[in-house]
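Please load the model in a viewer and keep the selection tool at hand. The tour below proceeds selection by selection.

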Amino acid sequence: MTYDFSGPQKAGPNSPIPWLIQCVEDLIPNKSSPNKKKILLGLNFYGNIYSKSGGKPIIGREYISLLEKYKPKIVFKNISGEHVFRYRDENIDYVVYYPTLYSIELRVQLAKKFGIGIAIWELGQGLDYFYDLL
């Protein structure tokens, strides 16, 4: 479950790459361990939206609706390996973290590097084209 790094009261990326690496290395400190085949890297297909009053998860159709309505500039954060955008509505500032093909690809490549599998949370919450990578 490497996708709940941030939460409603702690705004931030869903699953920053350094945290993913730390989680996997804590579970399989020896790269040649036969047990690594039992490890699955959890990938979120949902995102999170935050404001000063807290945060909540969002799914694909909500994400698309925000993009269509606010036409925000999506920015890639190198450290976390995630995309984020900001918008303002009724004098409230929001920040949205949501997976993209690139962020998912980075995580799939990480799983391959470690020789582990992946698990998706949760099917149906993401965008249809996310499955193109699998």
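Begin with Asp93, which is partly exposed at 48% relative accessibility. Add Arg88, likewise partly exposed, at 46%. The side chains of these two residues form a salt bridge, with an N to O distance of 2.6 Å. Note that this is a predicted model.

How many salt bridges does the count give? The total is two. For the other pair, select Glu82 and Arg107, whose side chains are joined at 3.4 Å, N to O. Glu82 belongs to strand E5 (residues 82–89) and Arg107 to helix H3 (residues 101–114), so this salt bridge ties together parts that are 25 residues apart in sequence. Glu82 is buried, with a relative accessible area of 4%, and Arg107 is also buried, at 4% relative accessibility.

Next, select the whole of H3. The helix comprises 14 residues and spans 20 Å between its first and last C-alpha, close to the 20 Å expected at 1.5 Å a residue. Colour its buried residues: Ser103, Ile104, Arg107, Val108, Leu110, Ala111 and Phe114. These residues occupy an arc of only 155 degrees around the axis, which places them on the same side of H3.

What do the buried residues of H3 pack against? Display helix H1 (17–27), strand E1 (40–44), E5 and strand E7 (117–121), which are their packing partners. Then rotate to the face of H3 turned away from the buried side, where the exposed residues Lys112 and Lys113 are found.

Finish at Gly115, which follows H3 and has a positive phi, near 70 degrees.

Key. Residues numbered from 1 in each chain as written. Predicted model: local features only at pLDDT ≥ 70, side-chain atom pairs only at ≥ 80, totals over all residues. Heavy atoms only, no water. Salt bridge = Lys/Arg side-chain N within 4 Å of Asp/Glu carboxyl O. Helix = DSSP H or I, 4+ residues; strand = E, 2+ residues; numbered from the N terminus. Buried < 20%, exposed > 50% of the residue type's maximum accessible area, 1.4 Å probe, protein only. Expected span 1.5 Å × (residues − 1). Arc of directions from axis to C-beta. Contact = heavy atoms within 4.5 Å.
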